Amino acid sequence: MSHNIPENLRYSKDHEWVGVDGDIATIGITDYAQHSLGDVVYIDMPRVGDKFSAHEAFGSVESVKAVSEIFLPIAGEISEVNDGLNDTPESVNNDPYTDGWMVKIKMDNPGEADGMLSAAEYEEYLEASA
Amino acid sequence: MSETELKRTPLNSVHRALGGRMVDFGGWDMPVQYPAGVIEEHMRCRTHSGLFDVSHMGEIWVEGPDAIDFVNRLTTNDVTKLVDGQAHYSALTNVGGGVVDDLLVYRFSHDRLLLVVNAGTTEKDWAWIKSHHSEHDDLALRNASAEYCQIAVQGPDATDILQKLTATDLGAIKYYHFTTGEVDGVDSIISRTGYTGEDGFEVYAAPEFAEQLWNKLLETGKYDSEGGVLPCGLAARNTLRLESAMSLYGHELGDDITPLEAGLGWITKLDKEGGFTGRNALAAQKESGLTRKIAGFEMTEPGIARDGYDVYVGGEKVGIVTSGSPAPFLKKNIGLAFLPPDLAKIGQEIRIEVRGKYLAAVVVPTPFYKRQK
């Protein structure tokens, strides 16, 4: 099955995506990840101001069937969380790259996202691990 | 176990064609959900109808003059109370009173019983049952699991859908009763039973007719993405049974869990004539009092309890979650847990450790969901 992988984002092997705007990065889970999880019903989010190092779990996403930790691909401080997901967690399934975003962070090292997978590399990674 | 070794029901290719996501379920390659997703599948079964492939379940025939006596000695419920065309829920118990498996016992006649057992335990059950077959028993045992497909059609529309495919008067089949008849011209056992908390039927037929029956039921139920019957996977089967607080083997039941602890006293007939394997242990447990019993709970703060999570009261670990999940119809996060009997009381506040947080929950009556009759 092919999955939506927008060109303008960066990707982690844990299936998070990162969109960079200056020193702020927006983070969510990929179309592949939401599809694997199934119906998302709850997202356990961090608080604004929480600091995380790269690859640290910042929360969890729960589907009917299972719970998965979500990892921050790059280091930073939470600057905003998507409170809308409290009422509409299904946005993670329906619009993983837009309404389904999870957190924004102020990056410790702007430029760290450049080291992540490009859309083409992530697609290759998915194909290789299929 | 690699995929090539997984057992397949006769509907395997149908599930794949429908876009079912296949998983290893107790050694069977089964659909956990279809593209509609577990929530939609669950809701459709509650409001219209759901179709389930349960062909992986095991079927064991017990035939001969001693059939009733034999099954009565091995199971907790009273087989002598069954009449022809009636089934009941029961448990196979070991000497210690633990549950070898939970099952349905169908009485076809005084010398012909069908046992329907769980998929993952079929081989264990078969060995257990055979080992109790003494030379004095005038009966024959047959593991006929491969000779049947089983399709469950469940939900408020189930009777209407199935009635269009059979001349058998379904209205005449009471709950937990069954008959033999043709469904779409196929010889079938038509049983008014299920594992969803809804009214509905389970249809048993020869495996070569599985695709025909499945497709005909979907067609008759006007299956599409907007309405009608929906095929439901194992995930919806689990959430539906959990809302109805039905036990799942390996969770609320097991070799070291007794039916009394699991809240199945109603199928445990300690005083039936002749007793049964495990009877004395269960009578002793009842006499001395339980140390744990299954209770239903719902979360009172955001978070989901999952199987195996610890339960706390007053900072002390008091129990463990056996099944926990979001409840799609009730729109709550619910679960079943083992608790000491004095804490398994409605209104008891408990805390459940969810990844390091101790989230509040409260003991509530079960079943969580009861259909309107």
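Two strands count as paired here if DSSP finds at least two bridges between them. That is the yardstick for the first close-up, taken, like the rest, from a predicted model.

**View 1. β3(B) and β13(B) run side by side in the parallel sense.** Three bridges hold the pairing between β3 (residues 49-53) of chain B and β13(B) together on paper, and the cut-off is at least two. For a landmark, look for S49(B), which sits opposite V229(B) in β13(B).

**View 2. Pull back a little and β3(B) and β13(B) turn out to belong to an open sheet of six strands in chain B.** Reading across, the order is β10-β11-β12-β9-β3-β13, and the pairing is mixed. The edges go to β10 (178-183) and β13 (229-231) of chain B; each has a single partner strand, so one side of each has no neighbour in the sheet. On average, neighbouring strands here are turned by 25° against each other, direction ignored.

**View 3. A helix, α2(B), lies across part of that sheet.** The strands under it are β3, β9 (149-154) and β13 of chain B. Against β3(B), α2(B) runs at about 115°.

**View 4. Here is where chain B meets chain A, with 13 residues from chain B and nine residues from chain A in the contact.** On the chain B side, the elements giving two or more residues are α2 (38-47), α7 (234-243) and β16 (316-327). So what kinds of residue does chain B bring to the side that touches chain A? By class, there are seven nonpolar, four polar and two charged residues. As for the predictor's own scores, the complex gets an ipTM of 0.84 and a pTM of 0.94.

**View 5. Domain 1 and domain 2 of chain B touch each other, with ten residues from domain 1 and nine residues from domain 2 in the contact.** Domain 1 is written in two pieces, 3-55 + 148-243, while domain 2 covers 58-141 and domain 3 covers 291-373. The C-alpha centres of domain 1 and domain 2 of chain B lie 25 Å apart. The domain 1 side of this contact has four nonpolar and six polar residues, and no charged ones.

**View 6. A hairpin in chain B is built from β5(B) and β6(B), with five residues between them.** The strands, β5 (residues 86-93) and β6 (residues 99-109), run antiparallel and are joined by eight bridges. H88(B) stands opposite V105(B) in β6(B). In the turn, G97(B) has a positive phi of about 90°.

**View 7. Two backbone oddities in chain B are worth a zoom.** Most residues other than glycine have a negative phi, and most peptide bonds are trans. K222(B) is not a glycine, yet its phi is positive, near 55°; look for K222(B) in the loop between α6 (210-220) and β13 of chain B. The other spot is the peptide bond from T366(B) to P367(B), which is cis, with omega near 0°. P367(B) lies in the segment after β19 (357-364) of chain B.

**View 8. Finally, the whole of chain B, for orientation, has eight helices and 19 strands.** Its C-alpha trace spans about 60 × 55 × 45 Å along the principal axes. The radius of gyration of chain B is 21 Å, which agrees with the value near 21 Å for a compact globule with 373 residues. The average pLDDT of chain B is 96, and 99% of the residues score at least 70.

Methods. Residues are numbered from 1 along each chain as its sequence is written. Chains are lettered from A and ligands numbered from 1 in the order in which they are written. This is a predicted model: local features need pLDDT of at least 70, side-chain atom pairs count only at pLDDT 80 or more; totals for chains, interfaces and linings use all residues. Two residues are in contact if their C-beta atoms, placed from the backbone, lie within 7 Å. Helices (H or I, at least four residues) and strands (E, at least two) are DSSP runs, numbered from the N terminus. Ala, Val, Leu, Ile, Met, Phe, Trp, Tyr, Cys and Pro count as nonpolar, Asp, Glu, Lys and Arg as charged, and the others, Gly among them, as polar. pLDDT is the predictor's confidence in each residue, from 0 to 100. Axes are lines fitted to C-alpha atoms, for helices over the stretch in contact, and angles run from 0 to 180 degrees between N-to-C directions. Domain bounds come from an automatic or database domain assignment. The radius of gyration is taken over C-alpha atoms; the globule rule is 2.2 Å times the number of residues to the power 0.38.
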